[in-house]
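User: I'm new to this one and would like to learn how to read it. Could you take me through a few features, one at a time?

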Amino acid sequence: MLDLLIHNATLPDGRTNMSVAVRDGTIVDVAQGLHAPAGHTIDAQGHLLSPPFVDAHFHMDATQSYGLPRVNQSGTLLEGIALWGELKPLLTQEALVERALTYCDWAVAKGLLAIRTHVDVCDPRLLAVEALLEVKKRVAPYLDLQLVAFPQDGVLRGPHGPQQHLDNLARALDMGVDVVGGIPHFERTMADGTLSVKLLCEMAAQRGLMVDMHCDESDDPLSRHVETLAFETQRLGLHGRVTGSHLTSMHSMDNYYVSKLIALMAEAQLNVVANPLINITLQGRHDSYPRRRGMTRVPELLAAGLPVAFGHDCVMDPWYALGSGDMLEVAHMGLHVAQMTSQAAMRQCFAAVTTQPARILGLPGYGLEVGCHADMVLLQARDTIEAIRLRATRLQVIRRGQVIASSAPSISQLQLDGRPHEVRWMP
Ligand code: FE2
């Protein structure tokens, strides 16, 4: 006897009339038109059944702090960092936990069941680390949180000095933070940025951990720390375990240099995370017109075989006033900013918020194959492109075979010329 049988589903690869059978929280069969007794049955009515959304880049310690202690006036990355610095001494663990848990509720409602979040480790109290480790434990039954030790003020530049910041980072990792972070473009000099990449990659190599650095989040075409990140990855044998987040300077780099750089990144098997909502908002702020989009070269990186994910990065914090945990909104923006408008490219945008980030995070048991965790989201759309177009309603969100969230189908009632009718948003 099965625990759950979903039938008449469309899968992201385009297969229709598919059934997914679940026992003990695991997918035990995926086939067309299965019939078997089950404790619970869901008729997907031809809707898209996808593995859950995954966010490869977020800041859960800052979420929902918008307006605290004031709003970012210039809209720049640098004012956001300064504002976060003003807020940090005022943070309490209770407030951090509460805001993060609220965000996790939003995420689950949107079918987002795995998040890699950076956590600022510059404050020697490590308040945010303690808070997010607590949140990680509490949400574990329904949401996978992966934490990155992130020296927001620069591991070498920050106010407490390099040794204190390196110690903070090591302590955070000892406490259970999963990944080593960094921010080389924010260090005082190019040389310090290079040194920070070297030190942090060595720390990760010694501990057998992954690396995810905010790297070259800048419009400066000469911000080339990703080159060092690729070099250190290759030197230390960290292939496939290192992620360059943002890489916005690549947008402005010389094409000849990029042709060399992407090959080096591919050789090191770097992972890439672009953050379309935030990149289009923060980059180009010093331009008049034409104004640069700032997002990294997503189609070219994909064409070179690098895994590329789209992250949400910020929701209602010093850098970004909007957002709701909806990874389809992230994919929608990424598609536009990167002009990924072919059918194949639009499907890649859906993969950039599902399978690609799952691969980058190294999530075990992710997917819709036999043996995978029975984690799924049923969307009110017929395929992945329609899901992005409509930012489709999450009809059911399933974790380990249990429905943990549901939403009513989106239907609008119209009254035109005294004639009532419905718009179902799916022709
Ligand atoms: Fe970030």
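Analyst: Sure, and let's begin with a term: a residue counts as buried when its relative accessible area is under 20%. Keep in mind that this is a predicted model. Take C122: its relative accessible area is 1%, so C122 is buried.

User: Is C349 buried or exposed?

Analyst: C349 has a relative accessible area of 0%, so it is buried.

User: How many disulfides are there?

Analyst: The general idea is that a disulfide is a covalent bond between the sulfur atoms of two cysteines. To call one here, the two sulfur atoms have to be within 2.5 Å. By that rule the count is 0. For C122, the nearest cysteine sulfur belongs to C314 and is 16 Å away, and C122 is in no disulfide. C349 is in no disulfide either: its nearest cysteine sulfur, again that of C314, is 20 Å away.

User: Let's zoom in on another residue. Where is L87?

Analyst: Look at helix 1, which covers residues 77-87; L87 is in it. The relative accessibility of L87 is 4%, so it counts as buried.

User: Which residues is L87 in contact with, leaving aside its neighbours within four places in sequence?

Analyst: Contact here means heavy atoms within 4.5 Å. With those neighbours left aside, L87 touches S65, L68 and P69. Try L68 in the viewer: it sits 19 residues from L87 in sequence, while their C-alpha atoms are 6.6 Å apart in space.

User: Now the whole chain. How many helices and strands are there?

Analyst: You'll find 14 helices and 18 strands in the chain. Of its 427 residues, 57% count as buried.

User: What does the radius of gyration say about the chain?

Analyst: The trick is to compare it with the value for a compact globule. With 427 residues, such a globule would have a radius of gyration near 22 Å, and the chain has 22 Å, so the two agree. Along its principal axes, the C-alpha trace spans about 65 × 50 × 45 Å.

User: And what share of the contacts joins residues 24 or more positions apart?

Analyst: Among contacts with a separation of 6 or more, 74% are between residues 24 or more positions apart.

User: Last stop: what about surface and charge?

Analyst: The accessible surface of the chain is about 16900 Å², and carbon and sulfur atoms own 53% of it. As for charge, the chain has 35 positive and 45 negative charges, and the mean positions of the two sets are 2 Å apart.

Key: Residues numbered from 1 in each chain as written. Predicted model: local features only at pLDDT ≥ 70, side-chain atom pairs only at ≥ 80, totals over all residues. Heavy atoms only, no water. Helix = DSSP H or I, 4+ residues; strand = E, 2+ residues; numbered from the N terminus. Buried < 20%, exposed > 50% of the residue type's maximum accessible area, 1.4 Å probe, protein only. Rg over C-alpha atoms; globule rule 2.2 N^0.38 Å. Areas by Shrake-Rupley, 256 points an atom, 1.4 Å probe, with all protein chains shown as cover. Lys, Arg positive; Asp, Glu negative; His and termini not counted. Charge placed at Lys NZ, Arg CZ, Asp CG, Glu CD.
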